[in-house]
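Good morning, and thank you for making time for this presentation. I should like to take you through one structure, part by part, with the display in front of us.

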Amino acid sequence: MFDEVIAQIRSFFPGRDFIPLHEPKFIGREKEYLSATIDSTFVSSVGKFVDRFEEMLRDYSGAGHAVATVNGTSALHAALLVAGVAAEDEVITQPLTFVATANAISYCRAHPVFLDVDRDTLGLSPAALRDFLEEHTEQSGNVCRNKTTGRRISACVPMHTFGHPCRIEEITELCREHNLFLIEDAAESLGSARSGKQTGTFGALGVYSFNGNKTITCGGGGAIVTDSKALAAHAKHLTTTAKKPHPYLYEHDEIGFNYRMPNLNAALACAQLENLDRFLADKRELAKLYRNFFSTQSAIDFITEPEDTRANYWLNAILLKDRTTRDLFLTKSNEAGIQTRPAWTLLNRLEIYSHCQTDELANAAWLAERIVNIPSSVRL
Ligand SMILES: *Cc1c(COP(=O)(O)O)cnc(C)c1O
């Protein structure tokens with residue numbers, strides 16, 4: 001059992017003993033830009049590559065502004081703060097996500113509320129969001145209040161899981177109706193689009209990650225994108241120690257963060273972004289090969305991009321028929337040198353988030369015991 005699947009995955013990555021889940025690819029001008037950065041001595045928090053990367057990312061995403069940060073988690077934290085998320089607020093998100101989504105909420109001393117995902121998109125379900133808002137909240141003035149806890153719900157953070165866009169248009173509408181600030185965790189979905197519009201640009205703010213395992217990487221890095229000049233300016237200020245502009249005086253007008261992306265990383269990021277379209281074409285080609293192969297396997301479903309979307313296929317994912325089968329596949333594939341892994345443990349099941357409010361999470365629970373991520377690196 002699974003021998004054919006393992007042989008097939010191996011054939012997509014010829015000449016490799018160990019096939020990682022996702023490895024970075026440096027086939028552009030990375031070394032040239034890094035060298036130029038070292039020669040310039042501007043390796044740290046200022047330099048031309050930071051500015052250049054922000055411009056490139058702004059143009060690529062179609063957002064009005066981009067602010068580079070030291071990683072995706074800090075970008076999420078800063079985005080929540082400029083959205084006005086405050087201590088004792090609540091923020092709606094999904095439990096099927098990397099822990100950083102909820103951690104960033106906690107850094108603001110706010111409380112995550114975990115709502116269910118859709119089975120096809122793997123992202124926050126607008127139906128679950130609507131049900132929760134109708135049943136459990138009331139509007140007082142411009143404030144959305146949780147009737148159970150009495151706390152203000154200030155924001156909603158959907159995540160585009162493995163690069164598959166969630167139903168972001170419906171979520172945008174619900175957030176508008178209920179005065180929730182929409183922040184997209186697009187850490188995994190750079191280059192993914194719904195109806196031709198890039199993920200990360202639907203909400204008031206969107207966040208990307210350029211960690212080593214993401215579609216493009218600069219070692220560690222992140223970014224906030226937004227159409228709002230004011231939010232972008234505040235995000236830049238807050239992530240650069242909130243220093244007032246002055247030729248030599250050090251004065252700070254709020255408690256800011258040192259969340260800047262160093263110029264060295266930005267050099268790498270520029271070179272990587274130059275190749276993003278090639279990477280995406282290659283990743284979509286691999287997804288097509290997987291889709292064709294798994295269509296011949298009756299016991300395994302390959303997760304394809306939702307209708308009306310274009311996914312970056314950051315991490316390819318399959319659904320096994322139950323937890324036992326999944327565990328068997330995980331064991332066999334990893335033993336064969338093919339790195340595979342299950343979805344994250346649902347965040348509401350972690351001790352640290354076990355006290356948080358949730359809905360029934362039927363789809364999240366169903367998916368969590370069946371999902372396996374399979375090797376997805378760019379093969380150029
Ligand atoms: C990778 C990731 C992040 C955070 O990224 P870092 O750059 O590693 O801090 C946040 N959310 C999700 C869903 C991610 O996958």
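**Sheets, helices and domains**

I begin with an open sheet of three strands, which run in the order β9-β8-β13 with antiparallel pairing. Its edges are formed by β9 (197-198) and β13 (309-310), each of which pairs on one side only. Please keep in mind throughout that this is a predicted model. Between β8, residues 193-194, and β13 there are two bridges, in the antiparallel sense. In one of these pairings, A193 has R310 of β13 as its bridge partner.

Let me now place this in the overall layout. The protein is divided into domain 1, comprising 2-26 and 276-374, and domain 2, comprising 30-274. The centres of the two domains, taken over C-alpha atoms, are separated by 25 Å. Across the boundary, 44 residues of domain 1 are in contact with 52 residues of domain 2.

A second open sheet has four strands, in the order β12-β14-β16-β15, and here too the pairing is antiparallel. The strands at its edges are β12 (301-302) and β15, and each pairs on one side only. β15 is joined to β16 by two bridges in the antiparallel sense. R341 finds its bridge partner in β16, namely N373. As a general reminder, strands of a sheet pair through backbone hydrogen bonds, either parallel or antiparallel.

I turn next to helix α11, which covers residues 323-335. With 13 residues, α11 reaches 18 Å from its first C-alpha to its last, close to the 18 Å expected at 1.5 Å a residue. Which residues of α11 are buried? They are T325, R326, F329, L330 and S333. These buried residues lie on the same side of α11, because they cover an arc of only 140° around the axis. The general rule behind such patterns is that an α-helix has 3.6 residues a turn, so residues three or four places apart point the same way.

What covers the buried residues of α11? The cover includes α1 (3-12), β14 (316-319), β15 (341-342), α12 (362-368) and β16 (371-374). On the face turned away from the buried side, α11 carries the exposed residues T324 and E335.

Both ends of this helix deserve a word. At the N-terminal end, D322 acts as a cap, with a side-chain oxygen 3.3 Å from the backbone nitrogen of T324. Just after α11 comes G337, which takes a positive phi of about 85°.

My next element is helix α5, residues 100-107, which is mostly covered: six of its eight residues are buried. Those buried residues are A100, T101, A102, N103, A104 and I105. They pack against α4 (72-82), β2 (90-93), β3 (111-114), β6 and β7 (181-185). α5 is followed by R109, whose phi is positive, near 60°.

Finally, I should like to look at a single residue in β6, one of the strands that α5 packs against. S154 has its place in β6, which spans residues 152-157. Is S154 buried or exposed? With a relative accessible area of 8%, S154 falls under the 20% limit and is therefore buried. Leaving aside residues up to four places away in sequence, S154 touches V85, D89, E90, V91, N179, L180 and F181.

Thank you for your attention; I would be glad to discuss any of these parts on the display.

How values were computed
Residues are numbered from 1 along each chain as its sequence is written. This is a predicted model: local features need pLDDT of at least 70, side-chain atom pairs count only at pLDDT 80 or more; totals for chains, interfaces and linings use all residues. Side-chain values use heavy atoms; hydrogens and water are left out. The expected span of a helix is 1.5 Å times one less than its number of residues. Buried means under 20% relative accessible area, exposed over 50%, partly exposed in between (1.4 Å probe, protein chains only). The arc is that of the directions from the helix axis to the C-beta atoms. Contact means heavy atoms within 4.5 Å. A polar contact is a pair of N or O atoms within 3.5 Å; within protein, one must be able to donate a hydrogen and the other to accept it, and residues adjacent in sequence count only if both atoms are side-chain atoms. Two strands pair if DSSP finds at least two bridges between them. Domain bounds come from an automatic or database domain assignment.
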